[in-house]
Each structure stands twice: as structure tokens, then as C-alpha cells.
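Work through the exercises below with the sequence and the structure side by side, and try each task before reading its solution.

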Amino acid sequence: MLTIWGRANSNNVKKVRWCAAELGLNYTHINAGGTYGKVNEQPYRALNPNGLVPLLQDGDFVLWESNTIVRYLAAKFGQAPFYPHDLQARAAAEKWMDWLTSTIAAPFRTLFWGMVRTPAEQRNRAAIDAAIAELEQHFTIVEHQLAQQPYLSGAEFGIGDIPLGSFIYAWFELPITRQPRPHMERWYQQLCARPAYQSTVMIPLT
């Protein structure tokens, strides 16, 4: 029995739920974090001392950290090309997972909180504009990669597309000015056509 803890509107929870949906997994979903609470209560902290979401329970096995959970589910339940068996192909896809965390997550958080979770009259426009400029710089790397291959994972959709794909919905839906990036936009439209993406990622931004 699989259980996924975490509020559905969290980008990190979206990663895990999207992965599970792509794999056709049945699981119990428990909203936690934000207005749902639970994460600071002792039973949850006993499972994840960080008090963060998402959290996966697979029977008696407990796992936290969203990218690690995606890797675990893909390794246990996935098949190639979603989870490549070739070590180099898998590493080439997985580098985008860690790149999202190390490079994109911080400026994206500034943008998202500034535009979605801050009243318009209280927004720090300078911080928002700086975050957009930083993200545009990083997305030049994505655009270059997607000019050479259909997906970040390679020739086929796979685990490497999930972390950035979970964030990119907000990037294209927010009322901001974006540089034209035809290859990245094409990739995004390919994600939007996937039923699992529609049900887990393409939900209201809150």
C-alpha cells in the first residue's frame, strides 16, 4: 500500500503524484502542509523530522525528498524509456532533477510567492523582476537542450522531465512577460497533452 503525504498544490508534491500517475499506481493521498497542518504534529515528525512534504510510505518503508521519491517509484515500478536501464542514459536524465533543485528552485520560489501568494499591493517588484531575469538565464540552457532532443530525458519522456515540468506550468501560466523559447514551449505543450500531467500538475495556482 502506497501513501503520499502532501498538499496537492505543492510543486514538490506534484512531482511525486505526477510520477505515480504516469506509472498507473494506486495510492492513498493525504493532504498535509500549509492550511492542512499535520506536518508539525508528532506522528508526522516521527516519519519526517524535517516537517516537509512530500512523504512516501510504501508499506513499512518511509521516504522523503521529492526527487528521491520519484527515483524510487520509477526504479520500482517503471520501465524504459521512462526509467532508462542504461546507466549513462539514466544519469543524463537524472541530472535535470538535481539541476532543478540546485538552480531553479530558489528563484522560482521568489517568483511564485511574489506573484501568487502576496497581495498585489505588497509585492516586491524588484525581487520578482530579478527572479524572472535569473530564471530566463537558466532557461537558455533548457532551450538549447530541447533544440537537440524532444525531452530533457532524451528521445522519450521520462523521469528527467518531471521536476522541471512540475514547475514549468506556473511559469507559463503566470501573468509575466517571457522571452520566446519555441523549443521549451513545444516541450511544455507536449507535457500538457499528457493526462497524468493534466490531473496532477495543471491545477489552480495557489
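The exercises that follow concern a predicted model, and each task comes with a worked solution.

**Exercise 1.** Determine how helix H3 and helix H4 are oriented relative to each other, and which residues meet between them.

Solution. Begin with the axes of H3 (residues 66–77) and H4 (residues 87–116), which come within 10 Å and cross at roughly 165°. Angles over 145 degrees count as roughly antiparallel, and H3 and H4 are therefore roughly antiparallel to each other. The crossing of these two helices is right-handed. Next, look at the contact itself, where Asn67, Val70 and Arg71 of H3 meet Glu94, Met97, Asp98 and Thr101 of H4. Sorted by character, the residues of this contact comprise three charged, two polar and two nonpolar ones.

**Exercise 2.** Find the salt bridge that Arg71 forms with Asp98, and decide whether Arg71 is buried or exposed.

Solution. The closest N and O atoms of Arg71 and Asp98 are 3.0 Å apart. Since Arg71 lies in helix H3 and Asp98 in helix H4, the pair ties together parts that are 27 residues apart in sequence. Arg71 has a relative accessible area of 19% and is buried, while Asp98, at 42%, counts as partly exposed. Salt bridges with shared partners join Arg71, Asp98 and Glu94 into one network.

**Exercise 3.** Work out which parts of the chain are linked by the salt bridge between Arg194 and Glu22.

Solution. The side chains of Arg194 and Glu22 meet at 2.9 Å, N to O. Arg194 sits in the loop between helix H7 (182–192) and helix H8 (195–200), whereas Glu22 belongs to helix H1 (residues 11–22), so that the pair links distant parts of the chain, 172 residues apart. Arg194 is partly exposed at 23% relative accessibility, and Glu22 is partly exposed with a relative accessible area of 23%.

Key
Residues numbered from 1 in each chain as written. Predicted model: local features only at pLDDT ≥ 70, side-chain atom pairs only at ≥ 80, totals over all residues. Heavy atoms only, no water. Axes fitted to C-alpha atoms, helices over the stretch in contact; angles between N-to-C directions. Helix = DSSP H or I, 4+ residues; strand = E, 2+ residues; numbered from the N terminus. Parallel < 35°, antiparallel > 145°, perpendicular 65-115°, else oblique. Left-handed = near helix turned anticlockwise from the far one by under 90°. Contact = heavy atoms within 4.5 Å. Nonpolar A, V, L, I, M, F, W, Y, C, P; charged D, E, K, R; others polar. Salt bridge = Lys/Arg side-chain N within 4 Å of Asp/Glu carboxyl O. Buried < 20%, exposed > 50% of the residue type's maximum accessible area, 1.4 Å probe, protein only.
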